[in-house]
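Me: I am new to this structure. Please walk me through its rings and its core.

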Amino acid sequence: MPAQSEIDQSPAALAKIVRDEALRIGFDLVGISPAVTPSGFDHLQRWLGQNYEGEMQYMRRREAAYEHPDGVLPGAKSVIVTALNYHATGKADGSNADTTVSSANGRVASYANGTADYHDVIRKMLKQLGAVLHEVVPGSRTRPVVDTAPLLERDFAKIAGLGWFGKNTMLINKHAGSWLFLGVLLTDVELQPDAPHDTSHCGTCTRCLDACPTDAFAAPYVLDARKCISYLTIELRDEPIPTELREGMQNWIFGCDVCQDVCPWNRKASDTSVPEFQPAADLSPLDLQWLLSLSDDEFRKRFHKTPFDRPGRSGLLRNAAIAAGNSGDASLILLLIQCLNDEAAIVRGAAAWALGKLGGARARDALQKRETVETDTGVQSEIESALNFRLEP
């Protein structure tokens with residue numbers, strides 16, 4: 001790199017350095033937006049007004065901070081938006097993993113079935129990008145953002161020209177589809193922005209809306225998170241899954257890919273080249289028998305510092321029990337009976353529901369036995385409902 005005194009400090013020249021370096025580091029896409037109040041802030045306020053965020057109260061607490069990047073980096077002038085492809089089929093023929101619910105397997109969303117937490121991977125890359133900017137503009141300030149700060153990353157990606165919002169609310173790029181992690185580097189350096197992406201290319205297509213198993217879209221471009229499988233399996237912690245949504249969860253135990261799987265813009269999306277995003281053998285798919293027998297120590301050993309830390313062991317086993325109930329696989333009954341004695345009430349309740357779904361004399365006898373000692377009123381209600389299912393041998 002030339003000496004700092006020889007580097008053109010114009011916004012256009014600095015933007016080119018940033019774009020070139022981002023691609024060299026390994027990002028698939030990069031764009032630059034000015035630090036402004038995004039038009040999506042009004043949408044966020046209306047969305048929160050409908051209580052669509054559910055238990056994600058942190059969004060409401062930080063509502064004001066979403067209005068401008070100053071809420072994250074005071075004095076921010078530019079928003080550098082990067083995208084990194086995470087999709088990996090894991091099969092030579094390019095086909096997706098089995099989506100049926102008739103076996104003892106659970107599905108994990110593509111973004112989480114790799115060997116490393118994407119937050120760590122992207123944050124490291126953003127810090128590399130920031131280091132270059134610090135070298136070129138001494139005294140400049142930057143802050144990397146990967147999902148954890150009050151920033152409307154998708155809106156800035158659109159302003160930076162990376163794509164448009166699909167009817168499933170995902171950012172879609174014409175060439176890369178929607179299997180994209182977004183990472184943002186905020187800076188107080190003025191950079192020449194890219195042209196915004198002002199057009200939409202979804203047309204009359206409603207495949208994502210029609211395919212959603214839990215009918216989570218209140219309208220095109222509007223997601224009711226309270227019904228979304230990703231929300232239910234990850235963000236709804238320490239609570240039972242609403243009964244009316246359980247069958248729609250199918251065999252998803254962490255996240256969901258349905259609305260992306262059916263999107264025509266993802267047909268030609270390439271697989272990721274990032275080694276850490278290649279599917280881990282034990283997650284793609286995830287063995288429900290192993291998961292239903294997972295102890296606290298085993299959970300920590302396998303899932304500590306991974307996305308699965310968020311729902312925790314009890315949330316993950318709750319999800320696994322529901323997937324087991326939806327599977328129709330009677331070989332899971334004995335493990336579900338063991339889960340009736342789990343320390344966590346949400347696991348016991350989900351196991352009771354699943355046993356009611358699978359049916360049979362063993363399930364009935366186990367539920368009746370647990371009913372005599374259960375003290376949690378919520379689980380008692382689950383057992384009572386399960387005993388009203390068809391539990392004949």
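**Rings and cores**

Reply: Both Tyr118 and Phe181 are buried. Keep in mind that this is a predicted model.

Me: How many aromatic pairs does the structure hold?
Reply: Rings pair if their centres lie within 6.5 Å. By that cut-off, the count of aromatic pairs is twelve.

Me: Are the rings of Tyr118 and Phe181 stacked or tilted?
Reply: Their centres lie 4.2 Å apart. Planes under 30 degrees apart count as stacked. The planes of Tyr118 and Phe181 are at 5 degrees, so the pair is stacked.

Me: How many residues apart are Tyr118 and Phe181?
Reply: Tyr118 is in helix α4 (residues 118-136). Phe181 is in strand β7 (residues 180-187). The pair links distant parts of the chain, and the separation is 63 residues.

Me: What about Phe299 and Phe303: which kind of pair do they form?
Reply: Phe299 is buried, as is Phe303. Both belong to helix α11 (residues 296-303), four residues apart. Their ring centres are 5.4 Å apart, with planes at 45 degrees, so the pair is tilted.

Me: Which ring has the charged end of Arg154 over it?
Reply: The charged end sits 4.5 Å from the ring's centre. That ring belongs to Phe165.

Me: Which helix gives the most to the largest nonpolar core?
Reply: This core has 73 residues. Phe303 is among those with the most contacts inside it, as are Leu44 and Trp47. Nine residues come from the helix that gives the most, helix α14 (residues 345-358).

Me: How many residues does the second, separate core have?
Reply: It includes Ala22, Val121, Ile122 and Leu133. The size of this second core is 31 residues.

Terms used: Residues numbered from 1 in each chain as written. Predicted model: local features only at pLDDT ≥ 70, side-chain atom pairs only at ≥ 80, totals over all residues. Heavy atoms only, no water. Phe/Tyr/Trp six-rings, centres within 6.5 Å; stacked < 30°, edge-to-face > 60°. Helix = DSSP H or I, 4+ residues; strand = E, 2+ residues; numbered from the N terminus. Buried < 20%, exposed > 50% of the residue type's maximum accessible area, 1.4 Å probe, protein only. Lys NZ or Arg CZ within 6 Å of the ring centre and 35° of its normal. Core = buried A, V, L, I, M, F, W, Y, C linked by side-chain atoms within 4.5 Å.
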